[in-house]
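Here is a set of short exercises to work through with the model open beside you. Try each task before you read its solution.

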Amino acid sequence: MRVYHGSTAVIKHPITAVGRQRLDFGQGFYVTDIQSQAESWADRMRRIREEEGIVNVYELDMGKVKTTFRYYHFDSYDNDWLQFIVANRMGRDVEMYDVIEGGVANDRVIDTIEAYMANLMPLETALSELSRHQPNNQLCITCQKVIETCMTFVEFYKI
């Protein structure tokens with residue numbers, strides 16, 4: 001599977017422990033199989049850091065990931081996804097996986113998540129709101145061995 005990482009740097013050898021904590025799926029190296037999404041991330045980082053936007057391109061052997069490592073996939077913005085996102089963003093312990101795949105808690109849904117986290121919206125309302133959105137996709141690689149054995153740097157390009 002071809003995956004992309006938006007940044008302001010060329011990253012030929014990603015390191016999972018460098019990523020920020022308390023993100024959607026926890027600390028790790030985030031990629032997406034949606035090229036335009038990575039380009040948006042790179043553009044956002046470009047504007048924040050006032051540096052050049054870079055999209056790094058990799059090949060990820062998902063067959064090997066799914067058969068060799070602990071892999072979890074969220075199919076939709078559902079209760080399991082919401083509880084996992086909330087737990088990670090609040091720094092709570094969650095079940096660890098080597099690769100987690102699923103929707104991004106982006107601008108389209110973050111208000112719902114934050115209202116739920118602040119107890120301003122009941123779970124049923126939050127799930128109803130989330131169900132109106134089609135998830136985009138991200139993969140969080142939390143295990144360095146996945147990068148070393150299943151992912152290959154292909155190229156980068158500037159946006």
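One term first: a residue is buried under 20% relative accessible area, exposed over 50%, and partly exposed in between (1.4 Å probe, protein chains only). This is a predicted model, so local features need pLDDT of at least 70 and side-chain atom pairs count only at pLDDT 80 or more, while totals for chains, interfaces and linings use all residues. Residues are numbered from 1 along each chain as its sequence is written, and side-chain values use heavy atoms, with hydrogens and water left out.

**Exercise 1. Place His133 and work out whether it is buried, partly exposed or exposed.**

Step 1: find the spot. His133 sits in the loop between helix 5 (123-130) and strand 6. Helices (H or I, at least four residues) and strands (E, at least two) are DSSP runs, numbered from the N terminus.

Step 2: check the accessibility. His133 comes out at 26%, so it counts as partly exposed.

Step 3: look for its company. Not counting residues up to four places away in sequence, His133 touches Tyr77, Arg108 and Val109; contact here means heavy atoms within 4.5 Å. His133 and Tyr77 are 56 residues apart in sequence, yet their C-alpha atoms are 7.7 Å apart in space.

**Exercise 2. Do the same for Asn106: is it buried or exposed?**

Step 1: Asn106 belongs to the loop between strand 5 and helix 4 (110-117).

Step 2: its relative accessible area is 18%, so Asn106 is buried.

Step 3: leaving aside neighbours within four places in sequence, Asn106 is in contact with Tyr77 and Asn136. Tyr77 also turned up among the contacts of His133.

**Exercise 3. Trace the sheet with the order 1-3-7 and say which strands stand at its edges.**

Step 1: count and order. There are 3 strands in this open sheet, and the pairing is antiparallel. Two strands pair if DSSP finds at least two bridges between them. As background, strands of a sheet pair through backbone hydrogen bonds, either parallel or antiparallel.

Step 2: find the edges. Strand 1 (2-7) and strand 7 (151-158) each have a single partner strand, so one side of each has no neighbour in the sheet.

Step 3: add the twist. From one strand to the next, it averages 25°. (Axes are lines fitted to C-alpha atoms, for helices over the stretch in contact, and angles run from 0 to 180 degrees between N-to-C directions.)

Step 4: zoom in on one pair. Strand 1 and strand 3 (residues 54-60) are joined in the antiparallel sense over 6 bridges, with His5 opposite Asn56 in strand 3.

**Exercise 4. Describe the surroundings of His5 in strand 1.**

Step 1: with 13% relative accessibility, His5 counts as buried.

Step 2: a polar atom of the His5 side chain lies 2.6 Å from the backbone oxygen of Tyr30.

Step 3: setting aside neighbours within four places in sequence, His5 has contacts that include Ile11, Phe29, Ala38 and Tyr58.

**Exercise 5. Which residues of helix 1 are buried, and where do they point?**

Step 1: set the scene. Helix 1 (residues 35-49) lies across strand 1, strand 3 and strand 7, at about 15° to strand 1.

Step 2: list the buried residues, which are Gln37, Ala38, Ala42 and Met45. Seen down the helix axis, they fall within an arc of 140°, so they line one face of helix 1. (The arc is that of the directions from the helix axis to the C-beta atoms.)

Step 3: look at both sides. The buried residues pack against strand 1, strand 3 and strand 6 (138-141), while Arg44 and Arg47 are exposed on the other side.

Step 4: step past the end. Just after helix 1, Glu50 takes a positive phi of about 55°.

**Exercise 6. Trace the sheet with the order 2-6-5-4 and follow strand 6 within it.**

Step 1: this open sheet has 4 strands with mixed pairing. Strand 2 and strand 4 (71-73) are the edge strands, each pairing on one side only.

Step 2: take the partners of strand 6. Strand 2 (residues 29-31) pairs with it in the antiparallel sense over 3 bridges, and Phe29 has Ile141 as its bridge partner. Strand 5 (residues 99-102) also pairs with strand 6 in the antiparallel sense, over 4 bridges; Glu101 stands opposite Leu139, and Gly102 is matched with Gln138.

Step 3: check the faces. Both are covered: Gln138 and Cys140 on one side and Leu139 and Ile141 on the other are all buried.

Technical notes: A polar contact is a pair of N or O atoms within 3.5 Å; within protein, one must be able to donate a hydrogen and the other to accept it, and residues adjacent in sequence count only if both atoms are side-chain atoms.
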